[in-house]
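These are my notes from a first look through one structure. I took a few residues one by one and then turned to pairs of helices.

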Amino acid sequence: MTDSTPRVTRDRRLGRDLRVSALGLGCMGMSDLYGPADEAESVATIHAAIDAGVTLLDTGDFYGMGHNEMLIRRALADRARDDVAISVKFGALRDADGGWHGNDGRPEAVRNFLAYTLRRLGTDHVDVYRPARLDPAVPIEDTVGAIAEQVGKGHVRHIGLSEVGAETLRRAHTVHPITDLQIEYSLISRGIEQDILPTARELGIGVTAYGVLSRGLISGHWTASRQVADFRSASPRFQGGNLDHNLALVEALRAVAAGKGVSVAQLAIAWVLAQGDDVVPLVGARRRDRLTEALGALEVELTPADLAAIEAAVPRDAAAGSRYAEAQMTHLDSEH
């Protein structure tokens, strides 16, 4: 970390008693789905995040089929374990070719997945443990109940959920308090505002927002001529006329950002930060320069006039194309 790197000086509470930095680091792209990554730079980025005051690291046991957890273990080898909260998603079934084969939320699978996660991370507990998606064959009560058993044993500190609707959130919360819901939330993905976010707030459940830059689409760094060879090539928002429309929204946002003297990415992240103290954006920085840019969002204060200008530039539901390809949407509890 350099002297010019912004520091995280604020924290936020998730659920009843988990306090984390106001910005979290999503580590997925360091191992999977966004093309090759430099492992040494990834470790350096995690170190820089921790040095800057980031205390929430988010991963999944299926990111790189375990590689991401082992990467985090390497990064934390010379750090105090309890300086960070590690959030882990589980349940996605992969194969050796990187394919996807549904989700497993059976109680016996919960115990199995967790045992391997603890070994790969080199720790005796996970701070937040959550199914990545619902298993339609297993009641959410059974999955959460199995995680609650691990809370009782000390292997899990808090229970989270990911990409579920309001009804599922309520059902799960009756079994054990849910600390946070991890779900996509950005300027161009605002569907949670209607039912899911109000329900989470009613129940005292925090939100860890992923996709705050919509997989780079609204980062200000994407161009129409950019060739993409990763999973985004199948995303409707990155295709043809949809991409042209969405990049026009980014240019409107760029004008607002220029007026504030900040980057497009910083403005987009700051907008998510402004949605409430119970919302913690996850930034998927794979390099230190991108991390530094993202951290700068913490220094952006948005006035009511700024928020109105952002809304005018990127109105709700203005994006063209859905978040996922149709085949991928079958894994979501509710599209939003």
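Entry one: Lys89. I looked up whether Lys89 is buried or exposed. Its relative accessibility is 3%, and under 20% counts as buried, so Lys89 is buried. I note here that the model is a predicted one. Lys89 lies in strand β5, which covers residues 85-90. Next I asked which side chain is joined to that of Lys89 by a polar contact. The partner is Gln182, at 2.9 Å. I then listed what Lys89 is in contact with, leaving aside neighbours within four places in sequence. The list runs through Asp58, Thr59, Gly60, Asp61, Phe62 and Tyr63, and also holds Arg130, Ala132, Ser162 and Gln182. Gln182 thus appears in the contact list and in the polar contact.

Entry two: His158. I found His158 in strand β9, residues 156-162. The relative accessibility of His158 is 13%, so this residue counts as buried. I checked which residues His158 touches, not counting those up to four places away in sequence. They are Asp17, Leu18, Asp127, Val128, Tyr129 and Thr179. With Thr179 there is a polar contact between side chains, at 3.3 Å. I also took a C-alpha separation: His158 and Asp180 are 22 residues apart along the chain, and their C-alpha atoms are 8.7 Å apart.

Entry three: Pro131. Pro131 belongs to strand β8, residues 126-131. I read a relative accessibility of 4% for Pro131, which means that it counts as buried. Not counting residues up to four places away in sequence, Pro131 touches Phe90, Thr143, Ile147, Gly160, Leu161 and Ser162. Ser162 is also in the contact list of Lys89. For the C-alpha atoms of Pro131 and Glu167 I noted a separation of 16 Å, with the two positions 36 residues apart along the chain.

Entry four: Thr45 and helix α9. Thr45 sits in helix α1, residues 39-51. I found a relative accessible area of 0% for Thr45, so it is buried. What does the side chain of Thr45 reach at 3.3 Å? It reaches the backbone nitrogen of Arg288. Leaving aside neighbours within four places in sequence, I listed the contacts of Thr45 as Leu25, Met30, Ala285, Arg286, Arg287, Arg288 and Leu291. Leu291 led me to helix α9, residues 288-295, where the buried residues are Leu291, Glu293, Ala294 and Leu295. I then asked what these buried residues of α9 pack against. They pack against β3 (24-26), α1, α8 (264-273) and β12 (279-283).

Entry five: α1 with α2. I turned to pairs of helices. The axes of α1 and helix α2 (residues 67-75) come within 9 Å and cross at roughly 60 degrees. The two are therefore oblique to each other. The crossing of α1 past α2 is right-handed. From α1 I noted Glu39, Ala40, Ser42, Val43, Ile46 and His47, which meet His67, Leu71, Ile72, Arg74 and Ala75 of α2. By class, this contact has 6 nonpolar, 3 polar and 2 charged residues.

Entry six: α5 with α6. Helix α5 (residues 166-175) and helix α6 (residues 196-203) have axes 9 Å apart and pack at about 20 degrees. Angles under 35 degrees count as roughly parallel, so α5 is roughly parallel to α6. I recorded a right-handed crossing for α5 and α6. On the α5 side the contact is made by Ala166, Leu169, Arg170 and His173, and on the α6 side by Ile196, Thr199, Ala200, Glu202 and Leu203. I sorted the residues of this contact by class and got 5 nonpolar, 2 polar and 2 charged.

Entry seven: α7 with α10. At what angle do the axes of α7 and α10 cross? For helix α7 (residues 240-260) and helix α10 (residues 304-313) I found roughly 160 degrees, with the axes coming within 8 Å. The two helices are therefore roughly antiparallel. Their crossing is right-handed. Leu249, Ala252, Leu253, Val256 and Lys260 of α7 make the contact with Asp306, Ala309, Ile310 and Ala313 of α10. By class I noted 7 nonpolar, no polar and 2 charged residues.

Note on methods: Residues are numbered from 1 along each chain as its sequence is written. This is a predicted model: local features need pLDDT of at least 70, side-chain atom pairs count only at pLDDT 80 or more; totals for chains, interfaces and linings use all residues. Side-chain values use heavy atoms; hydrogens and water are left out. Buried means under 20% relative accessible area, exposed over 50%, partly exposed in between (1.4 Å probe, protein chains only). A polar contact is a pair of N or O atoms within 3.5 Å; within protein, one must be able to donate a hydrogen and the other to accept it, and residues adjacent in sequence count only if both atoms are side-chain atoms. Contact means heavy atoms within 4.5 Å. Axes are lines fitted to C-alpha atoms, for helices over the stretch in contact, and angles run from 0 to 180 degrees between N-to-C directions. Angles under 35 degrees count as roughly parallel, over 145 as roughly antiparallel, 65 to 115 as roughly perpendicular and the rest as oblique. A crossing is left-handed if the near helix is turned anticlockwise from the far one by less than a right angle, and right-handed if clockwise. Ala, Val, Leu, Ile, Met, Phe, Trp, Tyr, Cys and Pro count as nonpolar, Asp, Glu, Lys and Arg as charged, and the others, Gly among them, as polar.
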